[in-house]
Amino acid sequence: MIIVLKKSASEEQIRHIEEKIREWGLQPSISHGAEKTVIGVIGDEAVIRTKPLEVFPGVESVMTVLKPYKLASREFHHDNTSVTIAPVTAGCAPTVIGGRQIVVMAGPCSVESRESLFEISRCAQAGGAKIIRAGAFKPRTSPYAFQGLGRKGLEYLSEMRRELGIPIVTEVMDTRDVEMVAEFADVLQIGARNMQNFNLLKAVGKVKVPVLIKRGLSSTIQELLMSAEYVLSQGNPDVILCERGIRTFEPMTRNTLDLSAVPVIKRESHLPVIVDPSHATGHWDLIPSMSKAAVAAGADGLMLEIHPRPEEALSDGPQALLPDRYMNLMKELGTLASALGRSI
Ligand code: PEP
Ligand code: MN
């Protein structure tokens, strides 16, 4: 249920409504929009329906949100939400995902060594990436494949961030690691395979670090939005969604990039959406076209895997862009972005 407040509603009236909602064992969630201020009422629908929400002073109307996602829905928050990532170096501008700028996150699939992380991150930054992506904990299909450097990988990431002054996004796979990874990461990534790990979603909902949720391999858009709802409902408002391809009958690409997910999510939700063409296609030669298509579709950012020696990569070599191809792509994206009234 959503309570739409009158423009004239006073602070005291709003506080009173919030107190009452809590007294009833429900959870209020306020959203100040440019047009309207609304209070979302979260909890047992059967209980909410019995409450006389429209009688409070300051209330204009009460709306039922029929969709299962509430805090993630456009009804709850009319304006686009942007997620701000604090600057690493004092005095630098923060990175904002969901604003005019299309934020590119680039880097290796995995942190492989200190040297290669620094080399690839420098290249990503020189090309215009605003965030470095790299996994220290890797969700691999085979237990015999490289599993990531774990904590050591996080330490390399943190060292690189200090030296280059660029934030990092890295995956957390296990509830037991959330606190530790949150100490290193500027954005916590929930991988496709963990999109419906509800305990993990609840755990990252309790920390104060933005969360990037990748769409599950066989998940619907509604399921992705419900995963966002888990994080939002725990009090973490900084959620970014990522379309990274879904499994279909088509074997020519690793997954099928569902670009229509971008405008559908934008219609249904206020949360920023990015696209990962690397995992979606699995082939480096498809990354430029799909990156440009994603930007044209309205994506707020891209996640790209790059590697100077893909044949030596410890994971996902076939989809890694070589540095010079990445540089070219970034130039093209800059032109495209400005034609669309955005920037890179
Ligand atoms: C990744 O980005 O490192 C990754 C493993 O992606 P996904 O979870 O989308 O497969
Ligand atoms: Mn990868």
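Student: How many disulfides does the structure hold?

Tutor: This is a predicted model, and the structure holds zero disulfides.

Student: What makes Cys 242 and Cys 109 unbonded?

Tutor: A disulfide needs two cysteine sulfur atoms within 2.5 Å. The cysteine sulfur closest to that of Cys 242 belongs to Cys 109 and lies 13 Å away, so the pair is too far apart for a bond.

Student: Are these cysteines buried or exposed, and how do you know?

Tutor: Buried means under 20% relative accessible area. Cys 109 has 6%, so Cys 109 is buried. Cys 242 has 0% and is therefore buried too.

Student: Why is Ser 289 called partly exposed?

Tutor: The class covers values between 20% and 50%. Ser 289 has a relative accessibility of 37%, so Ser 289 counts as partly exposed. Ser 289 has its place in helix H10. Its C-alpha atom is separated by 27 Å from that of Val 83, 206 residues apart along the chain.

Student: Why is H10 called roughly parallel to H11?

Tutor: Helix H10, residues 287–296, packs with helix H11, residues 323–339, at an angle of about 20 degrees, and the axes are 10 Å apart. Angles under 35 degrees count as roughly parallel, so H10 is roughly parallel to H11. The crossing of H10 with H11 is right-handed.

Student: Which residues of H10 and H11 meet?

Tutor: On the H10 side they are Ile 287, Pro 288, Ser 291, Lys 292 and Val 295; on the H11 side, Leu 329, Glu 332, Leu 333 and Leu 336. Six residues of this contact are nonpolar, one is polar and two are charged.

Definitions and conventions:
Residues numbered from 1 in each chain as written. Chains lettered and ligands numbered in written order. Predicted model: local features only at pLDDT ≥ 70, side-chain atom pairs only at ≥ 80, totals over all residues. Heavy atoms only, no water. Buried < 20%, exposed > 50% of the residue type's maximum accessible area, 1.4 Å probe, protein only. Axes fitted to C-alpha atoms, helices over the stretch in contact; angles between N-to-C directions. Helix = DSSP H or I, 4+ residues; strand = E, 2+ residues; numbered from the N terminus. Parallel < 35°, antiparallel > 145°, perpendicular 65-115°, else oblique. Left-handed = near helix turned anticlockwise from the far one by under 90°. Contact = heavy atoms within 4.5 Å. Nonpolar A, V, L, I, M, F, W, Y, C, P; charged D, E, K, R; others polar.
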